Amino acid sequence: MKTKRPEVVALNDVEKAYRQHAHDVYRYLLSLSHNEDLAEELTQETFFRAMRTIGRYDGSCKLSVWLCQISKHLWYQWLDKHSRRKQVELTDEIPGRESPENSACLHMEKTALYKAIHCLPEPMREVVHMRLTGEFSFSEIGEILGKSENWARTTFYRAKQKIIEEMEGA
């Protein structure tokens with residue numbers, strides 16, 4: 001029977017972990033928040049919390065996955081605190097779309113799209129956000145969520161199908 005050797009991180013290795021994983025955690029939080037300053041702030045808080053709770057890390061998952069789990073919980077806490085579980089509002093200003101009719105139609109389409117995304121169950125919604133707004137590869141999404149690249153691809157495909165069904169029915 002093979003035993004998996006846990007990835008052990010000592011307190012003095014937090015700086016090394018920060019150098020290795022801070023960019024990925026930041027990109028993940030940016031994909032959720034769409035706000036660079038907030039993503040940076042939550043990234044710092046993620047590593048602060050990781051440093052405080054490093055004793056709980058048992059190595060059963062990759063360190064990057066553990067850090068993204070912490071950051072996701074921080075994101076949800078921020079949303080709860082700020083009562084903003086709504087989707088981020090989109091601007092109407094798009095180059096080349098100057099007529100009011102085009103702007104109104106485009107706004108309605110974007111609203112319908114974001115409503116359809118919002119109605120997706122977890123983890124589909126999270127995969128779609130990471131793929132579309134965070135521009136993560138399927139491999140990166142799988143790694144962050146502790147799944148395979150193929151799982152991320154399949155989940156994204158199924159989410160797209162649900163979005164198409166939702167938007168055609170609207």
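This report describes the fold, the nonpolar core and two backbone features of a predicted model.

## Overall fold

The protein chain contains 7 helices and 0 strands. Along the sequence, the elements follow the order α-α-α-α-α-α-α.

Of the 170 residues in the protein chain, 36% are classed as buried. Among contacts in the protein chain with a separation of 6 or more, 61% are made by residues 24 or more positions apart. The exposed surface of the protein chain amounts to about 11300 Å², and carbon and sulfur atoms supply 51% of that area.

## The nonpolar core

The largest nonpolar core has 38 residues, of which Tyr28, Trp66, Leu67 and Trp75 touch the most other members. Two or more residues of this core come from each of α1, α2, α3 (63-82), α4, α5, α6 (138-145) and α7 (149-169). The most is given by α3, with 9 residues. In soluble globular proteins, nonpolar side chains tend to be buried together.

Tyr28 lies within the range of α1 (14-33). Apart from neighbours within four places in sequence, Tyr28 is in contact with Cys68, Ser71, Lys72, Glu126, Met130, Phe136 and Ile144. Of these partners, Cys68 and Ser71 are among the buried residues of α3.

## Helix α3

The buried residues of α3 are Leu63, Ser64, Val65, Trp66, Leu67, Cys68, Ile70, Ser71, Leu74, Trp75, Trp78 and Leu79. An α-helix has 3.6 residues a turn, so residues three or four places apart point the same way. Among the buried residues of α3, Leu67, Ser71, Leu74 and Trp78 follow such a spacing.

The length of α3 is as expected, because its 20 residues at 1.5 Å a residue should span 28 Å and its end C-alpha atoms are 29 Å apart.

## Backbone features in the loops

Most residues other than glycine have a negative phi, and most peptide bonds are trans. Two places in the model depart from these tendencies, namely His34 and the bond between Glu122 and Pro123.

His34 is not a glycine, yet its phi is positive, at about 60°. This residue sits in the loop between α1 (14-33) and α2 (36-52). With a relative accessible area of 33%, His34 is partly exposed. The peptide bond joining Glu122 and Pro123 is cis, with an omega of about 5°. Pro123 is placed in the loop between α4 (100-118) and α5 (124-132).

Methods. Residues numbered from 1 in each chain as written. Predicted model: local features only at pLDDT ≥ 70, side-chain atom pairs only at ≥ 80, totals over all residues. Heavy atoms only, no water. Helix = DSSP H or I, 4+ residues; strand = E, 2+ residues; numbered from the N terminus. Buried < 20%, exposed > 50% of the residue type's maximum accessible area, 1.4 Å probe, protein only. Contact = heavy atoms within 4.5 Å. Areas by Shrake-Rupley, 256 points an atom, 1.4 Å probe, with all protein chains shown as cover. Core = buried A, V, L, I, M, F, W, Y, C linked by side-chain atoms within 4.5 Å. Expected span 1.5 Å × (residues − 1).
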